[in-house]
Amino acid sequence: MAENKASVLNLGKNHAHTVLKLSIPSIMEQMVFSLFAICDTAQVGALGAEASAAVGILAPFSWLLGGIMSAVTTGFSVITAHSIGENNMGKASQSANKSIFVSLSMGLAITVLCVLLSGRIPVWMGADPSIREMSRIYLTIYSISFVINMAGTACSSTLRCTGETKIPLVINTFSIIVNIILNALFIFPSRDVNILGSTIHIWGAGKGVGGAAFATLIAITISTLFLFLAVLKNNKGIYISLSEMLTPGKDREIYKKAFYIGLPIFLERLTINLGQMLYMRCISTMGTASVAAHHLAVQAESFSYMPVSGIQIAVQTLMSQAMGAKRFDDGEKFAKFSGAIGFSYGVLAGVIMFLFGRPIMSIFIADENIIAIGASLLKIVAFGEAVQALDIVYSGCLRGIGDTKKPFYIGLTGIWGIRIVGCLICTFVFNLKIHAAWVIMLADMCFRGIITPICFKREYKKLRNQ
């Protein structure tokens with residue numbers, strides 16, 4: 001039998017080395033994304049609290065769309081990775097082609113819908129009338145990137161299924177650098193800058209939040225083009241055909257299985273993100289300062305969990321391939337080591353957030369009131385970072401073995417049963433402020449971080465016994 005170049009189960013010298021070798025590029029990629037979020041938020045924050053609030057009020061809606069992307073690509077990527085584990089590269093190629101085709105189709109529909117509703121969505125999110133026009137402009141331009149971004153996400157997912165995590169890292173890092181440079185040009189007006197005693201005139205479009213959205217659109221387009229070229233030139237046995245993508249064929253079994261796997265993920269992201277939108281709606285009643293502080297603190301907190309998402313990406317691939325190859329002992333060891341890495345990073349991130357909340361917040365904005373509020377919010381959530389890391393890692397383990405229902409049930413209970421109910425009571429019954437809302441969010445994080453590992457261990461034990 002020919003060597004399976006796409007298999008990653010023996011990538012390292014042992015299980016720990018395999019997890020690290022596969023996850024480090026993904027961790028670095030997610031850290032780059034976190035750094036980009038910090039820079040992007042700081043550049044918009046330089047325009048003032050209203051600009052931050054105008055973008056921040058749309059964040060839960062953006063997360064919802066990201067969840068749709070995750071649902072589509074995960075359904076197909078699990079099939080692709082399982083097929084690689086079985087050494088069935090023909091099926092893996094079919095799944096990869098269908099992933100890109102479906103992503104393009106859904107992305108186009110979402111783009112059209114969001115552009116048409118760009119004036120209404122900020123209103124539904126509870127945006128203050130003073131920031132609604134800025135939110136509309138940002139969303140109208142940003143929405144155009146959704147179809148491009150979904151195609152890029154499918155390409156990245158296909159590459160990672162074959163163990164190729166370095167290429168997405170390089171491409172996305174380059175596009176993020178481009179985005180930051182374009183932000184500086186499109187957000188701010190032309191200005192003179194003093195560098196080492198010399199005055200340099202820098203051109204600027206002065207388009208504010210609209211300029212930030214346009215910079216993101218260009219950067220996403222660049223990254224997607226390079227990712228697509230990387231998939232086309234893949235040499236690990238997965239073959240992408242433009243004709244296959246545009247005429248997806250009659251293989252309904254892959255569509256049915258991808259739908260079965262992806263539907264719970266879609267429902268999970270839908271319920272979680274709708275909950276986050278309602279959560280943001282509650283916070284919007286607390287004033288523009290609270291909305292801005294909440295948005296900036298969430299962006300700061302992303303640095304604590306985005307790298308753990310890199311571990312999740314790696315362990316999901318490992319678990320999928322281990323299941324396809326029926327190597328259950330290996331899968332268990334991959335899961336344990338990944339959980340330990342994630343928990344350790346979560347502890348470190350929590351300590352940093354608790355001790356350095358104010359300096360972190362000052363990166364984003366100069367408003368002392370917002371800095372003080374945001375720093376106190378980071379102190380609250382710092383206590384939940386370690387368990388949140390466990391939730392992220394073991395959710396990836398569950399999806400890797402094909403169980404996407406458990407994360408849905410856990411997310412539904414945590415968001416709606418704890419976060420939303422608690423926030424509504426705090427806001428409208430006791431008239432408490434944003435700090436109470438974040439304590440409720442901490443309770444949700446702890447619940448999911450405890451329950452998800454338990455569910456994975458029980459489910460994996462059942463699969464081994466079968």
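In this predicted model, the largest nonpolar core (a set of buried Ala, Val, Leu, Ile, Met, Phe, Trp, Tyr and Cys residues joined through side-chain atoms within 4.5 Å) has 74 residues, and those with the most contacts inside it are Tyr138, Tyr279, Met361 and Trp438. Here, buried denotes a relative accessible area under 20%, exposed over 50% and partly exposed in between, for a 1.4 Å probe and protein chains only. When neighbours within four places in sequence are set aside, tyrosine 279 is in contact (heavy atoms within 4.5 Å) with His294, Arg419, Ile420, Cys423, Ala437, Trp438 and Met441. Apart from the largest core lies another, of 26 residues, which includes Phe328, Phe334, Ala335 and Cys397.

Residues are numbered from 1 along each chain as its sequence is written. Local features required pLDDT of at least 70 and side-chain atom pairs pLDDT 80 or more, whereas totals for chains, interfaces and linings use all residues, and side-chain values rest on heavy atoms, with hydrogens and water left out.

Helices are DSSP runs of H or I with at least four residues, numbered from the N terminus. For helix 15 (residues 368-381), the 14 residues should span 20 Å at 1.5 Å a residue, in agreement with end C-alpha atoms that are 20 Å apart; the expected span is 1.5 Å times one less than the number of residues. At the N-terminal end of helix 15, aspartate 367 acts as a cap, with a side-chain oxygen 3.0 Å from the backbone nitrogen of asparagine 369. The buried residues of this helix include Ile370, Ile371, Gly374, Leu377 and Val381, and among the elements that cover its buried residues are helix 2 (49-56), helix 12 (288-324) and helix 18 (434-465).

Serine 83 is placed in helix 3 (residues 59-85) and is buried, with a relative accessible area of 1%. Not counting residues up to four places away in sequence, serine 83 touches Asn88, Lys91 and Ala92.

The largest pocket (on a 1 Å grid over the protein atoms alone, an open set of points with protein on both sides within 12 Å along at least five of seven lines) has a volume of about 240 Å³. Its lining residues, which have an atom within 4 Å of a point, include Ile68, Phe76, Met106, Tyr255 and Phe266. Helix 3, helix 4 (89-116) and helix 11 (252-284) each give two or more residues to this lining, and the largest share, six residues, comes from helix 11.

Terms used: A polar contact is a pair of N or O atoms within 3.5 Å; within protein, one must be able to donate a hydrogen and the other to accept it, and residues adjacent in sequence count only if both atoms are side-chain atoms. On a 1 Å grid over the protein atoms alone, a cavity is a set of points where a 1.4 Å probe fits but cannot get out, and a pocket is an open set with protein on both sides within 12 Å along at least five of seven lines; lining residues have an atom within 4 Å of a point. Grid points are joined across faces, edges and corners, and a volume is the space filled by probe spheres set on the points.
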